[in-house]
Amino acid sequence: MKDVFVRIEEVFREFQPIGVLEILLFAIIFYYLFRVLKTNNVKGLIAVFVVFVIATGAVYIGNPALSGYSYLLFPFLFVAGLLIVFNVEVKRDILNINAPKFHSEKTNHQQVVSKDDVERYINDIIKALQNMSKDNIGALIILANDNLPAQVLESGVILDADISAQLIEGIFFPKAPLHDGAMVINNYKIQAAGCFLPLTQNVNIPKELGTRHRAGIGVTETSNVTALIVSEETGVITIAQRGKISRYADYDALRHALNEYYWKDLSADGRRKL
């Protein structure tokens, strides 16, 4: 028994925390590199490389006699570059840890929706957005596939209603009870309305964009969703994805965003499981 404790003591004595740190650093590097390759974010990869080269060069020029564990500066600096360039993705990963997802009874069961049905959903959403844009009615619609934290859905009113232009416009009609919050469209249903969203902390957003836009951008920074925003002041339609915005969205831009949302899992027979 004594020999066992001696061996355990030797293991802990020989334990090198620096080795664990190396593994952790390289794991972070490879994780975000794979994310870059998956999303084809070439600009992001170039930016990380530039940050890495500049920072490493500055350190070694200022300290030519570095030795020992100085090689760890490379992964440290590389991770620092990743955190700078991919701050939105890092924030999303951290906030989504242990974040409960909301699933209603209806969304737990797979449904098969025809191509005609999906085309009707897309046309109704675009029609509602363009009608509200003409009348300068503010709106915020989130396209989500069961990937919003439960607290977001629970902050509003659960509807599980069929998608229609009339219902969308009615919910956002000024002075309607739920018009100030966000509507969540989950697959083929209007899942909830009047929801509260996290506001972005990005200081580079144009000052003319108000709370509705900041909420739409903020939710795309923390969840993999698309936000469709109509300005109450100007009627301009904005599309937000991954913390970035595309303003003055016309019919083609809206259809492209909705096609991406609805048709990415299209099956060979022209039907989609939702």
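## A report on the fold and its salt bridges

Arg212 counts as buried, with a relative accessibility of 15%. Here "buried" means under 20% relative accessible area, "exposed" means over 50%, and "partly exposed" lies in between, using a 1.4 Å probe and protein chains only. Keep in mind that this is a predicted model, in which local features need pLDDT of at least 70 and side-chain atom pairs count only at pLDDT 80 or more, while totals for chains, interfaces and linings use all residues. Residues are numbered from 1 along each chain as its sequence is written, and side-chain values use heavy atoms, leaving out hydrogens and water.

**The overall picture**

The protein chain has 274 residues, of which 42% are buried. Its secondary structure consists of 10 helices and 9 strands. These elements are DSSP runs numbered from the N terminus: helices are H or I with at least four residues, and strands are E with at least two. Contacts, meaning heavy atoms within 4.5 Å, often reach far along the sequence: among those between residues at least 6 apart, 69% join residues at least 24 apart. The accessible surface comes to about 15,700 Å², and 60% of this belongs to carbon and sulfur atoms. These areas come from the Shrake-Rupley method with a 1.4 Å probe; for residues, only the protein chains shown count as cover.

**Salt bridges**

Side chains of opposite charge can pair when their charged atoms come close. A salt bridge is counted when a side-chain nitrogen of Lys or Arg lies within 4 Å of a carboxyl oxygen of Asp or Glu. The whole structure holds 4 salt bridges. The table shows some of them.

| Pair | N to O distance | Where the partners sit | Separation in sequence |
|---|---|---|---|
| Glu119 and Arg255 | 3.3 Å | Glu119 in helix α6, Arg255 in helix α10 | 136 residues |
| Asp162 and Lys189 | 2.6 Å | Asp162 in strand β3, Lys189 in strand β5 | 27 residues |
| Glu232 and Arg212 | 3.7 Å | Glu232 in the loop between β6 and β7, Arg212 in helix α9 | 20 residues |

How covered are these partners? Glu119 is partly exposed at 23% relative accessible area, and Arg255 is buried at 17%. Asp162 is exposed at 54%, whereas Lys189 is buried at 12%. Glu232, the partner of Arg212, is partly exposed at 44%.

**Two helices**

Helix α6 has 20 residues, and its end C-alpha atoms are 29 Å apart, in agreement with the 28 Å expected. Helix α10, made of the 13 residues 251-263, reaches 17 Å from its first C-alpha to its last, close to its expected 18 Å. The expected span is 1.5 Å times one less than the number of residues. Buried residues of α6 include Tyr121, Ile122, Ile125 and Leu129, while those of α10 include Leu254, Leu258, Tyr262 and Trp263. Just after α6 comes Asn136, which has a positive phi near 55°.

**The nonpolar cores**

A nonpolar core is a set of buried Ala, Val, Leu, Ile, Met, Phe, Trp, Tyr and Cys residues joined through side-chain atoms within 4.5 Å. The largest one has 34 residues, and Ile125, Leu129, Ile141, Ile168, Ile185, Leu228 and Tyr262 touch the most other members. Elements giving two or more residues to this core are α6, β2, α8, β4, β5, β6, β7 and α10. Which element gives the most? That is α6, with 8 residues. Setting aside neighbours within four places in sequence, Leu228 is in contact with residues including Ile125, Leu129, Ile141, Leu254 and Leu258. There is also a second, separate core of 20 residues, with Ala144, Leu148, Ile217 and Val225 among them.

**Strand β4**

Why is β4 described as largely enclosed by the rest of the structure? The description applies because 5 of its 5 residues are buried. In a regular strand, side chains alternate between the two faces of the sheet. In β4, Ala182, Val184 and Asn186 point one way and Met183 and Ile185 the other way.

Two strands count as paired if DSSP finds at least two bridges between them. β2 and β4 run parallel and are joined by 4 bridges; here Ile141 has Met183 as its bridge partner. β4 and β5 run antiparallel, also with 4 bridges, and Ile185 stands opposite Ile190 in β5. β4 and β5 form a hairpin with 2 residues between them, and Asn187 in the turn has a positive phi of about 60°.
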